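Visitor: I should like a close look at a single part of this structure, a helix and what surrounds it. Please set that part in its wider context afterwards.

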Amino acid sequence: MSLGPEASVTDEMTPPTADAADRPGEKAIAGRSLKQIAWRRLKKDKVAIAGACVVIFLIVVAILAPLLIRWLGHPIDEYHQEKLDLETGTGLPKGALGGISWDFLLGVEPQSGRDIFSRIVFGAQTTLTVAFLSAFVSTILGTVFGLAAGFLGGWVDSVISRIMDFLLAFPQLLFAIALLSVLPDEFAGLGTRWSRVVVLVGVIGFFGWPYIGRIVRGQTLSLREREFVEASRSMGARSGRILFRELLPNLAAPILVYTTLIIPTNILTEAALSFLGVGIPPPNPSWGGMLSDAVQFYQVDPMYMIVPGAVIFITVLAFNLFGDGLRDALDPKAR
Amino acid sequence: MLAYIVRRVINAIITLLVVTAVTFGIFFAIPKATGSDPALLYIGKQSDPAAIEGIRQKMGFDDPIYVQYGKFLKGIVAGRDYANGPDVTHCPAPCLGYSFATEQEVTPLLLEDIPVTLSLALGAAVLWLIMGISFGVISALRRGSFVDRAAMTTALAGVSLPVYFTGLLSSAIFVYWLGWLPQGQYVPFLENPADWFVNLILPWITLAFLFAATYARLTRANMLETLGEDYVRTARAKGLTERVVIGKHALRSGLTPIVTVFGLDLGALLGGAVLTETVFNLRGLGYQALTAIRQNDLPIILGVTLIAAFFIVFANLIVDLVYGWIDPRVRLA
């Protein structure tokens, strides 16, 4: 990343997400700040904007999940046996395409008769919460340790780098599965759903931090030697000032990009863990769990498998498109 | 070079020791901290108290954790005896413990699974290296062309598709609807190479697609960066043919980062491709681990985690050595 020292002027580097479009000019800094340059580039990137729109749409859906379910769906644990073909004993949804109709927008679950739309919407809430919070955990840990390793150097760097190497050289998925299977299903009165969310955020967030830590460390190492840091130091700035006023603002762009790109990975990990049966426990709906349920029906009711699969795909793709666009906008070299 | 190799090997051994210690600690400390009894996890929940006490004695669960860890390590190196009075079970080295859910030693059980995982991972690796690198290089050389855009769009879709979805979808299409391929079932290579191949085609392609997408993106980015370097311009200025510039100068440094990633990915897969194995019902290490997790069979989980860690550390070691050979500067670091 070759961001000039002028980027450090932009102390309030907020993510150039699409919501900045609603209030142009606000917080705008005279001259060409990195934020403005990046925003101008991002606006031209139609694909990235499309990705951002889908991401925002999904976030809105997740927040409004209970309302959407009330308006457009049915309660997630309501069994609509009348929608199933019970006469022939197959228990499959009546009608074409897995029972998709105006009443059941994404069809009906075979055997149980639950509304797939409601379960997808409700699952979005869980998935996005896990993905965002664990990305947050990874970012905080990665930034703190990466910054410390790069800035302090010496034995601190050796220890932190060794820990990062160690974590990256770990059978992560296997370990996460095993760890999740020994951790309690429910604690602190949170109920099965939110207890699991907390545990998943911890496990996914913890295994994700070395990726960001490595990048932050590398950037810090090269920034540390730059003239503007030297100038600041020669003017008598203390370490704290150099860290937070000089280095951190320059690191904001790569941190932002990698946080954005770690979210889709987290979505896939959460879905994988739920698919394997150690993620969100049933009867709480989750995308991975729905795919896992669909395994036994995919030959006779393929829609039941395609709906959650397609939803995971679209979500992850949208985040990837937006993340790639953001990276290109903030780092012209990576184009 | 020798000093470099020795240093790397010592590093690898230390990493393995730490992985075993952490894994062991977590599987024996967490159940204790949350109030569940490891003996219960071992034997299943419907056992009578006397049997549980017997297991506890035999497995040495009353020992302090470091004593248990020491015994566990000794078992791997030299084998160990589990004794509860006259009831002695000998477990020869490398002993990874004793599974009570299946009433078998862990080591031979896992040795049976390794060929499955090995076949899956190696076959897929060949595919994804060929597909990923060739599309990556072509995309970089013909930047902005139709091929580039098509390849990168496919690659982006590839990294966004979970393997458990593509796996299900491809078996629905090719096995169930079209009937071109048999319902996946692992056939040992030595038994019938043709069946081995036919049964693994779908898992290979599914797994390779995911990785090929990542590799194509990575190769393209690396190649583009290398092609912009001064020495490539110098090579061109010297009047070398494009073939030599790309083949001899650009590819070598453009592909070195791929070596690192490939080592890590293959190492991780050899420890069990949990998702692919689950989707295609291949009874490899990952499948075994998952079954063990569902049955709370801790020794098997621990065993698979250790084997997986071993593969990753070993792959890392190879990567480091290969790297020292490709790029002499690394040796000095």
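Guide: A residue counts as buried if 20 or more other C-beta atoms lie within 10 Å of its own, and as exposed if 12 or fewer do. The model to which this is applied is a predicted one. The part chosen is helix α10 of chain A, residues 287–294; eight of its eight residues are buried, so α10(A) is largely enclosed by the rest of the structure. The buried residues begin with Trp287(A), Gly288(A), Gly289(A) and Met290(A). They continue with Leu291(A), Ser292(A), Asp293(A) and Ala294(A).

What covers these residues? The cover includes three helices of chain A, namely α4 (116–152), α9 and α11. It also includes α7 (163–177) of chain B, so that both chains take part in enclosing α10(A).

A helix of chain B may be set beside this one. Helix α12 of chain B spans residues 285–294, and eight of its ten residues are buried, so α12(B) too is largely enclosed by the rest of the structure. Its buried residues include Leu285(B), Tyr287(B), Ala289(B), Leu290(B) and Ile293(B). They pack against α6 of chain A, and also against α5 (106–141), α11 (274–279) and α13 (298–326) of chain B. After α12(B) comes Asn296(B), which has a positive phi, near 55°.

Both helices thus lead to the contact between the chains. In that contact, 34 residues of chain A meet 38 residues of chain B. On the side of chain A, the elements that give two or more residues are α6 (172–182), α9 (239–275) and α11 (302–330). By class, this side has 29 nonpolar residues, five polar ones and no charged ones.

The nonpolar interior can be described next. The largest nonpolar core has 159 residues, and those with the most contacts inside it are Ile177(A), Ala289(B) and Ile301(B). Helix α9(A) gives the most to this core, with 16 residues. Ala289(B) has already appeared among the buried residues of α12(B). Ile177(A), leaving aside its neighbours within four places in sequence, is in contact with Leu273(A), Leu276(A) and Val278(A) of its own chain. Across the boundary, Ile177(A) is also in contact with Val274(B), Leu290(B) and Ile293(B). Leu290(B) and Ile293(B) are both buried residues of α12(B).

Chain A as a whole has eleven helices and two strands. Read along the sequence, they follow the pattern α-α-α-β-β-α-α-α-α-α-α-α-α. Of the 335 residues in chain A, 48% are buried. Among the contacts in chain A with a separation of 6 or more, 71% join residues 24 or more positions apart.

An unreviewed UniProt entry lists transmembrane regions in chain A, among them residues 131–156, 255–282 and 302–323. Over residues 131–156 of chain A, the model is 96% helix and 0% strand, with the end C-alpha atoms 30 Å apart. Residues 302–323 of chain A are 100% helix and 0% strand, and their end C-alpha atoms lie 31 Å apart.

A residue elsewhere in chain A offers a contrast with the enclosed helix. Gly218(A) has its place in helix α7 of chain A, residues 191–224. Gly218(A) is partly exposed, with 15 other C-beta atoms within 10 Å. From Gly218(A) to Met305(A) there are 87 residues in sequence and 42 Å in space, C-alpha to C-alpha.

Chain B is divided into domain 1 (2–91) and domain 2 (106–331). Their C-alpha centres lie 33 Å apart. The contact between these domains takes 15 residues from domain 1 of chain B and 15 residues from domain 2 of chain B. On the domain 1 side, α1 (2–33) and α2 (38–43) of chain B each supply at least two residues. Of these elements, α1(B) gives the most, with twelve residues. The residues on that side divide into eleven nonpolar, three polar and one charged.

Lastly, the confidence of the prediction must be considered. Chain A has a mean pLDDT of 79, and 83% of its residues reach 70 or more. Within chain A, confidence is highest in α4(A), at 91, and lowest in strand β1 (residues 84–85), at a mean of 68. Over residues 1–22 of chain A the pLDDT is below 50, although this stretch has 41 contacts in the model beyond near neighbours in sequence. Helix α4(A), with its value of 91, is one of the elements that cover α10(A).

Key
Residues are numbered from 1 along each chain as its sequence is written. Chains are lettered from A and ligands numbered from 1 in the order in which they are written. This is a predicted model: local features need pLDDT of at least 70, side-chain atom pairs count only at pLDDT 80 or more; totals for chains, interfaces and linings use all residues. Two residues are in contact if their C-beta atoms, placed from the backbone, lie within 7 Å. Helices (H or I, at least four residues) and strands (E, at least two) are DSSP runs, numbered from the N terminus. Ala, Val, Leu, Ile, Met, Phe, Trp, Tyr, Cys and Pro count as nonpolar, Asp, Glu, Lys and Arg as charged, and the others, Gly among them, as polar. A nonpolar core is a set of buried Ala, Val, Leu, Ile, Met, Phe, Trp, Tyr and Cys residues joined through C-beta atoms within 7 Å. UniProt positions are given in the numbering used here, feature names are shortened, and annotations may be inferred rather than shown by experiment. Domain bounds come from an automatic or database domain assignment. pLDDT is the predictor's confidence in each residue, from 0 to 100.
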